[in-house]
Amino acid sequence: MSSEAGSGVSGSANVAREVRRRRTFAIISHPDAGKSTMTEALALHARMISEAGAIHGKAGRKSTVSDWMEMEKARGISVSSTALQFSYTSEGHPVEGGADDDVAYVINLVDTPGHADFSEDTYRVLTAVDAAVMLIDAAKGLEPQTLKLFQVCRHRGIPIITVINKWDRPGQTPLELIDEITERIGLVPTPLFVPVGIAGDFRGLLDRRTGDYVRFTRTAGGATIAPEEILDAEAAAAREGDEWTAAVEESELLAEMGQDHDQELFLAGQTSPMIFASAMLNFGVRQLLEVLTELAPAPEARNDIDGEPREVGEPFSAVVFKVQAGMDTSHRDRLAYMRIVSGEFERGMVVTHAQTGKPFATKYAQAVFGRDRSTVDRAYPGDVVGLVNATALAPGDTLFDGPRVQFPPIPSFAPEHFSALRATSAGKYKQFRKAMDQLDSEGVVQVLRNETRGDASPVLAAVGPMQFEVVTARMKSEFGVDTVVEPLGYSLARRTDADSAPELDRQRGVEVFTRTDGALLALFSDRWRLQFIEKEHPDLTLEPLVATAE
């Protein structure tokens, strides 16, 4: 985080300058579209790491720096979110208002789970970003998880940059992919670059704005930054022949169709700048960074719980969007990620926790890069800061300095899978309870209890069954508790009240629980059972749970 922030510069002017430097975004994609590989490729281009490795879940292969859980390494997936921050000096567009051309942008990349079972974690992350990169497999096109996450972005008004990844492998044509995106989700791609060479024969990119050819050279295994050569149109035609001609014709066709970049339409969520890339080969990665710095929005005002805008220049405020424990096996700490909304953060400042009204000391503030950490002394709107041992904080909480402010809570997904959890050894009950309280407060799963089952066998409610695997793995690795998961025959939940609970408990295929936040939830075996009870007992309270933006 920026600790060079200018001595001799007034506080508000300094915050404004730092905000102009910030770009905070997330990558959304279907599993196996190359999100973790792209994350690492971006870190490579920012010189944060010297060599890239890809996840394949095979012995002897490197795992990406952002996927730190053993389950992630074994399966080659991301199931947790990680915040990466790095500096990047743009070649084509220096920071507005910078003292000179070498002032660096500060890029905050909040990595997200790609697997559908962890959609809720991804939703929380999307509350913390100003833009998203939608990563699409060139061969598979739009896939279900990408579509779901796109709808969340659209609901939140997050502008999207589209990257067609894996262009080094056989896939669809550019126009087929553009048509699919336009027709299926109503987002109009406006390619800034057209690939030279069909999918599977990736040679370089035609820069539609300059007419130049960016030619890439492969490196061994794609482990280092791919060298680039810039050629003018005449040299490109001589070098690539028909492949260059085809790229030029596609670019001209796009121009005739009106699919050129328009910044207002992009920020309004109607169009999406498009790039073709290969994260594995590091082709097109620099171009993505340039587009992010040039086109993605800097942090802006956010509405508080009353709908009033909190301007970035106002006193410090932040939203906690994720809580994670177990990241450092040598220290059983608990890290709360906060996105700074306004003002300047200084390590050690005492702020107020809006939910409790109590003071909160920020002595242990860190930047997190995978498992690596560094102390944060100062940070600004758009930055993501990890607060260590933040036991009082939960996702959706607000921290502030000065006049009181509170931001809207983060909605939960409606759970679709339910399982009872118990420890295999009764002697581990104390550790079991402690672990459940921690995982519940992190939002890993929702924990439900009732008198019949008792505290020794709580019910876990989750969006996807893999969340249960994360729970059992972490119970064992972090708390030394072996557990057994017993799936239950419920498939949906509804919010109810104390007056309705006794009658619901008498119904076959229904069970009522209390969630940790005090809400009463009725679980139903299937939708037909729910519909039958709604028809027979119209006086009972049965409210759908918030299930994100659908």
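Modeller: Start with a definition. Two strands pair if DSSP finds at least two bridges between them. The model here is predicted.

Colleague: Take the open sheet of four strands. What order do its strands have?

Modeller: The general idea comes first. Strands of a sheet pair through backbone hydrogen bonds, either parallel or antiparallel. In this sheet the order is 7-8-9-10, and the pairing is antiparallel.

Colleague: Which strands stand at the edges?

Modeller: Strand 7 (193–196) and strand 10 (228–231) do. Each has a single partner strand, so one side of each lacks a neighbour in the sheet. On average, neighbouring strands of this sheet are turned by 25 degrees against each other, direction ignored.

Colleague: How many bridges join strand 7 to strand 8?

Modeller: Four bridges join them, and the two strands run antiparallel. Strand 8 covers residues 204–207. For a register mark, use F193: its bridge partner in strand 8 is D207.

Colleague: Which strands does helix 7 lie across?

Modeller: Helix 7 lies across strand 7, strand 9 (213–216) and strand 10. Its direction runs at about 115 degrees to strand 10.

Colleague: Now helix against helix. At what angle do helix 7 and helix 8 pack?

Modeller: Helix 7 (residues 233–240) and helix 8 (residues 242–256) pack at about 130 degrees, with axes 6 Å apart. Angles of 65 to 115 degrees count as roughly perpendicular, and those over 145 as roughly antiparallel. The pair is therefore oblique. Helix 7 contributes A233, A236, A237 and E240 to the contact, and helix 8 contributes D242, E243 and W244. By class, the contact residues are four nonpolar, three charged and no polar.

Colleague: How do helix 2 and helix 10 cross?

Modeller: The axes of helix 2 (residues 35–45) and helix 10 (residues 285–295) come within 9 Å and cross at roughly 80 degrees. That makes helix 2 roughly perpendicular to helix 10. From helix 2, the contact uses M38, A41, L42 and H45; from helix 10, V285, R286, L288 and L289. Six of these residues are nonpolar, one is polar and one is charged.

Colleague: On to the sheet of seven strands. In what order do they come?

Modeller: The order is 27-24-26-25-29-30-28, in an open sheet with antiparallel pairing. Strand 27 (483–487) and strand 28 (492–496) are the edges. Each has a single partner strand, so one side of each is left without a neighbour in the sheet. Neighbouring strands are turned by 40 degrees against each other on average, direction ignored.

Colleague: Which helix packs on this sheet, touching strand 28, strand 29 and strand 30?

Modeller: Helix 14 (residues 527–536) does, and its direction makes about 30 degrees with that of strand 28. Helix 11 lies across strand 24 (417–423), strand 25, strand 26 (459–462) and strand 27. Helix 11 runs at about 130 degrees to strand 25.

Colleague: What span should helix 11 have?

Modeller: Count 1.5 Å a residue. The 14 residues of helix 11 (residues 429–442) should then span 20 Å, and the end C-alpha atoms are 20 Å apart, which agrees.

Colleague: Which residues of helix 11 are buried?

Modeller: First the periodicity. An α-helix has 3.6 residues a turn, so residues three or four places apart point the same way. In helix 11 the buried residues are F432, A435, M436, Q438, L439, D440 and E442. Just after helix 11, G443 takes a positive phi of about 85 degrees.

Colleague: Is strand 29 mostly covered or mostly open?

Modeller: Mostly covered. Five of the six residues of strand 29 (residues 510–515) are buried. On one flank, strand 25 (residues 446–449) pairs with strand 29 in the antiparallel sense over two bridges. There R449 stands opposite T514. Strand 30 (residues 520–524) also pairs antiparallel with strand 29, over five bridges. V512 faces A522 across that pairing.

Colleague: What links strand 29 and strand 30?

Modeller: The two form a hairpin with four residues between them. In the turn, G518 has a positive phi of about 95 degrees.

Colleague: Last, P502. Where does P502 lie?

Modeller: P502 sits in helix 13 (residues 501–506). Buried means under 20% relative accessible area, and exposed means over 50%. P502 has 42%, so P502 is partly exposed. P502 and V512 are ten residues apart in sequence and 8.6 Å apart in space, C-alpha to C-alpha.

How values were computed: Residues are numbered from 1 along each chain as its sequence is written. This is a predicted model: local features need pLDDT of at least 70, side-chain atom pairs count only at pLDDT 80 or more; totals for chains, interfaces and linings use all residues. Side-chain values use heavy atoms; hydrogens and water are left out. Buried means under 20% relative accessible area, exposed over 50%, partly exposed in between (1.4 Å probe, protein chains only). Axes are lines fitted to C-alpha atoms, for helices over the stretch in contact, and angles run from 0 to 180 degrees between N-to-C directions. Angles under 35 degrees count as roughly parallel, over 145 as roughly antiparallel, 65 to 115 as roughly perpendicular and the rest as oblique. Contact means heavy atoms within 4.5 Å. Ala, Val, Leu, Ile, Met, Phe, Trp, Tyr, Cys and Pro count as nonpolar, Asp, Glu, Lys and Arg as charged, and the others, Gly among them, as polar. The expected span of a helix is 1.5 Å times one less than its number of residues.
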